[in-house]
Amino acid sequence: MRNNKFYDTAAHYLGVKEWSGKNSNNPVVLDFFKDAGHSWVENDETPWCAAFVNSVLHDLGVVGTGKLNARSFLDYGREVSLSNADLGDILVFWRQDPNSWKGHVAFFAGFDAKGDILCLGGNQGNAVSIQSYPRSRLLSVRRP
């Protein structure tokens with residue numbers, strides 16, 4: 001696996017968190033929404049995994065989906081197999097049910113010791129973090 005600009009740019013934000021408190025919002029998270037074309041979002045409690053991915057793409061001058069739903073990335077870029085995934089490829093997962101509209105989107109960060117997929121993403125534990133997700137929930141690997 002090779003490191004790439006998508007992974008490096010996303011990793012720059014590791015540790016960015018939602019702020020707690022009724023009227024307390026992290027301006028960096030709100031900037032993710034602005035970069036994604038959704039400046040109307042006014043709080044960091046709004047689900048922001050897709051905003052984060054769109055913002056990282058925006059930082060690099062690459063057009064994303066411009067949408068706030070994770071599954072909007074299912075048709076983005078070009079599909080690659082998980083066995084050929086590179087750091088920084090985009091991962092789309094299902095949430096709740098494989099046929100639900102709900103999902104999660106993040107950047108590929110490798111595999112953990114159990115073989116689960118490591119994801120570098122936003123709104124993972126209310127922060128930009130690296131967390132494991134089961135392979136069984138993966139819908140697609142996309143290369144920008």
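Contact here means heavy atoms within 4.5 Å. By that criterion, and leaving out residues up to four places away in sequence, serine 39 touches Phe33 and Lys34. The model in which these contacts are found is a predicted one. Serine 39 sits in the loop between H2 and H3. With a relative accessible area of 53%, serine 39 is exposed, because the cut-off for that class is over 50%. Its C-alpha atom is separated by 21 Å from that of glycine 21, a residue 18 places away along the chain.

From this loop, the view can be widened to the whole chain. The protein chain has three helices and six strands. In sequence order the pattern is α-α-α-β-β-β-β-β-β. The radius of gyration is 14 Å, close to the 15 Å that the globule rule gives for 144 residues, so the chain is as compact as a globular protein of that length. Measured out along the principal axes, the C-alpha trace spans about 45 × 30 × 25 Å. Of the 144 residues, 50% count as buried. Among contacts between residues at least 6 apart in sequence, 52% join residues at least 24 apart.

The surface and the charges can be described at the level of the chain as well. The accessible surface of the protein chain comes to about 7200 Å², and 48% of that belongs to carbon and sulfur atoms. Positive side chains number 15 and negative side chains 15, and the centres of the two sets lie 4 Å apart.

The next subject is helix H3. Nine of the 11 residues of H3 are buried, and the helix is mostly covered. The buried residues are Cys49, Ala50, Ala51, Phe52, Val53, Asn54, Ser55, Val56 and Leu57. What do the buried residues of H3 pack against? Their partners are helix H1 (5–11), H2, strand S2 (90–94), strand S3 (103–111) and S4. Just after H3, glycine 61 takes a positive phi of about 75 degrees.

One of the buried residues of H3, Phe52, leads to the aromatic side chains. The count of aromatic pairs comes to eight. Phenylalanine 32 and phenylalanine 52 form an edge-to-face pair, with 5.2 Å from centre to centre and 75 degrees between the planes. Phenylalanine 32 lies in helix H2 (residues 27–35) and phenylalanine 52 in helix H3 (residues 49–59), so the pair ties together parts that are 20 residues apart in sequence. Are the two rings' residues buried or exposed? Phenylalanine 32 has a relative accessible area of 1% and is buried. Phenylalanine 52, at 0% relative accessibility, counts as buried. Both residues belong to an aromatic cluster formed by Tyr13, Phe32, Trp48, Phe52 and Phe107.

Further along the chain, the loop between strand S4 (117–121) and strand S5 (129–133) holds asparagine 123. Asparagine 126 lies in the loop between S4 and S5. The backbone at asparagine 123 has a phi near 60 degrees, a positive value in a residue other than glycine. Asparagine 126 has a positive phi of about 60 degrees, although this residue is not a glycine. As for exposure, asparagine 123 has 22% relative accessibility and counts as partly exposed. Asparagine 126 counts as partly exposed at 42% relative accessibility.

The last stop is arginine 137, in the loop between S5 and strand S6 (138–143). At 27% relative accessibility, arginine 137 counts as partly exposed, because the class runs between buried, under 20%, and exposed, over 50%. Which residues does arginine 137 contact, leaving aside its neighbours within four places in sequence? The contacts are with Val92, Phe93, Trp94, Arg95 and Gln96. Arginine 137 and aspartate 97 are 40 residues apart in sequence, and their C-alpha atoms are 9.0 Å apart in space.

Conventions
Residues numbered from 1 in each chain as written. Predicted model: local features only at pLDDT ≥ 70, side-chain atom pairs only at ≥ 80, totals over all residues. Heavy atoms only, no water. Helix = DSSP H or I, 4+ residues; strand = E, 2+ residues; numbered from the N terminus. Rg over C-alpha atoms; globule rule 2.2 N^0.38 Å. Buried < 20%, exposed > 50% of the residue type's maximum accessible area, 1.4 Å probe, protein only. Areas by Shrake-Rupley, 256 points an atom, 1.4 Å probe, with all protein chains shown as cover. Lys, Arg positive; Asp, Glu negative; His and termini not counted. Charge placed at Lys NZ, Arg CZ, Asp CG, Glu CD. Phe/Tyr/Trp six-rings, centres within 6.5 Å; stacked < 30°, edge-to-face > 60°.
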